[in-house]
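Hi,

Here is the model I promised to pass on. Have a look at it first, and my notes follow underneath.

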Amino acid sequence: MVDTIQKAFRPLSLIAFLIGSGNLRYPLNYWRFRLSVFYVIIVWSLYKYVFDAMLIAYTPKHIFNNHLSYYSTQTNIFVTLISVTITVLKHQKIHICIKKLSLVDDTLEKLGTPKEYHTIQNLIRSTLIIYFIVVLILFITDSIWNIEKHNNIKAMFIGLIMGYPIYVSTLGNIIFAFVVRYIGTRLDKINGYIEQLSETEECGLRFKWEKSLIVRHYVCNSENRKRVIWTVMHLHLELCRIARDINDLFGTQLTLQMISCFFILVTTFFAQYHMILCLTYIYENNSAKLKLILANDIWCIVFLIKFISLNYICENASAKRMWMFIKRLAAVDDTLKELGIPKLYRKLHIRIKRILIGWLVCSQIINIIDMIWWFYTIGNYWCLIIPYVTNHYQHVNVLVDLLFITFLWFVYYF
């Protein structure tokens, strides 16, 4: 029976330890620090030895197609080692966050919200199965291509050696994703509590809930109801603190991995471009062409999925925090209205509309000027779409900055 959050996350933590990126706890409440550090050092020392032996046996010129591929691989190894080191050094803080999250779950259980540890463990097991299937597919495709390229059966392990840091960092991302997802579900539950307990009528609170989360005979009493509201509010603040701690613990690793993933994506796209232009002249055998295309395309898909998933996780967490901020600001406005201060939403709405119109006009003017330059430089009508592609991220960043400044203006001056 899965009755603690440590047991729910045990499959992930155990596999992370085995591949050299996590900490061993056996039993669950006792951390084997020295054994974990010793094992991590042994694993990565062995990897360094195997990697150097691979370079000596096949030479970097034959393994890597270009300098960009070589440097991207070295960067990924370096980033993975930094991430593993930070994770090992911050083990105590991670354990404290998990204990705090467990205490929040115990309190929510007393309020009527059941724990979801069994569901989480089943989802973790399904994710791990998919993870190992993807690793197996990558190993098979890389093995087929490397055997064809080097004409040696031992070359089948080149793909596994080069991809090992990527497998390690991906597992760390999976752990982070599950922690953030679980905190998000707890925040959703608590927000539901706050909304339901805050609904008022002329006679007081109403209890028209689709699913009764709190025992009604308990909250019908005024004192008990106030106690529940304050308890839920404290749980909300505690979860926000845990989320900030998790962000501090994993922020550096995720930032470095995003940079590394972007670098590898650029290398992969360059390889795709190189294959389209030069593949016909390099490999006359159709079998070799298909094997190279298959291996490169699968890696490209994997990195794209990883890059998009990391962005989605971070953006989803940011969106939830933004939504919580707006709800708190609305609650402050309601309180100020009861004190006689009118709401200024109409003025805010007008200002946001003016900002959007100004942003659209400025961005289109910049795009038109760039279109004129590109047309006279290249002389092709297809180049007219280039500014909309190259300037898009700049326009998005400007819009986000303008909205942030608008919210600050509303908070500080009104």
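Let me start with a small one: is Arg241 buried, exposed or partly exposed? Arg241 counts as partly exposed, because its relative accessibility is 40%, where buried means under 20% relative accessible area, exposed over 50% and partly exposed in between, with a 1.4 Å probe and protein chains only.

Before the rest, some housekeeping. This is a predicted model, in which local features need pLDDT of at least 70 and side-chain atom pairs count only at pLDDT 80 or more, while totals for chains, interfaces and linings use all residues. Residues are numbered from 1 along each chain as its sequence is written, and side-chain values use heavy atoms, with hydrogens and water left out.

Salt bridges

Arg241 has a partner, Glu238, and their side chains form a salt bridge at 3.2 Å, N to O (a side-chain nitrogen of Lys or Arg within 4 Å of a carboxyl oxygen of Asp or Glu). Both residues sit in helix α10 (residues 222-282), three residues apart, about one turn of the helix. Helices here are DSSP runs of H or I with at least four residues, strands are runs of E with at least two, and both are numbered from the N terminus. Glu238 is partly exposed too, at 22% relative accessible area.

The structure holds seven salt bridges. Another one joins Lys48 and Asp52, with the closest N and O atoms 2.5 Å apart. Those two are four residues apart in helix α3, so about one helical turn separates them. Lys48 is partly exposed at 48% relative accessibility, and Asp52 is partly exposed at 29%.

The pair I'd look at next is Arg186 and Asp105, whose side chains meet in a salt bridge at 3.5 Å, N to O. Arg186 lies in helix α8 and Asp105 in helix α6 (residues 91-110), so this pair ties together parts that are 81 residues apart in sequence. Arg186 is buried, with a relative accessible area of 0%, and Asp105 is buried with a value of 0%.

Helices α3 and α6

Helix α3 covers residues 33-58, and its end C-alpha atoms are 38 Å apart, which agrees with the 38 Å that its 26 residues should span at 1.5 Å a residue (the expected span being 1.5 Å times one less than the number of residues). Its buried residues include Val40, Trp44, Tyr47, Phe51 and Tyr58. After α3 comes Thr59, which has a positive phi near 65°.

Helix α6 has 20 residues and reaches 29 Å from its first C-alpha to its last, close to the 28 Å expected. Asp105 is one of its buried residues, and His91, His95 and Cys97 are among the others. Gly112 follows α6, with a positive phi near 115°.

Aromatic rings and a surface patch

Trp44, Tyr47 and Phe51 turn up again with Tyr164, as the four form one aromatic cluster. Rings of Phe, Tyr and Trp (its six-membered ring) pair if their centres lie within 6.5 Å, and planes under 30 degrees apart count as stacked, over 60 as edge-to-face and the rest as tilted. By this rule the count comes to 12 aromatic pairs.

On the outside, Phe404, Ile405, Leu408, Val411 and Tyr412 make a nonpolar surface patch of about 530 Å². Patches are made of residues with over 30% relative accessible area and no salt bridge, with like charges joined within 9 Å and nonpolar side chains (Val, Leu, Ile, Met, Phe, Trp, Tyr) within 5 Å. The areas come from the Shrake-Rupley method with a 1.4 Å probe, and for residues only the protein chains shown count as cover. Tyr412 lies in helix α14 (residues 392-413) and is exposed, at 64% relative accessible area.

Contacts across the sequence

Phe176, in helix α8 (residues 158-198), is buried at 7% relative accessible area. Phe176 and Ile313 are 137 residues apart in sequence but 9.1 Å apart in space, C-alpha to C-alpha. Phe303, in helix α11 (residues 286-338), is buried at 5%. The C-alpha atoms of Phe303 and Phe262 are separated by 8.6 Å, with their positions 41 residues apart along the chain.

Cheers
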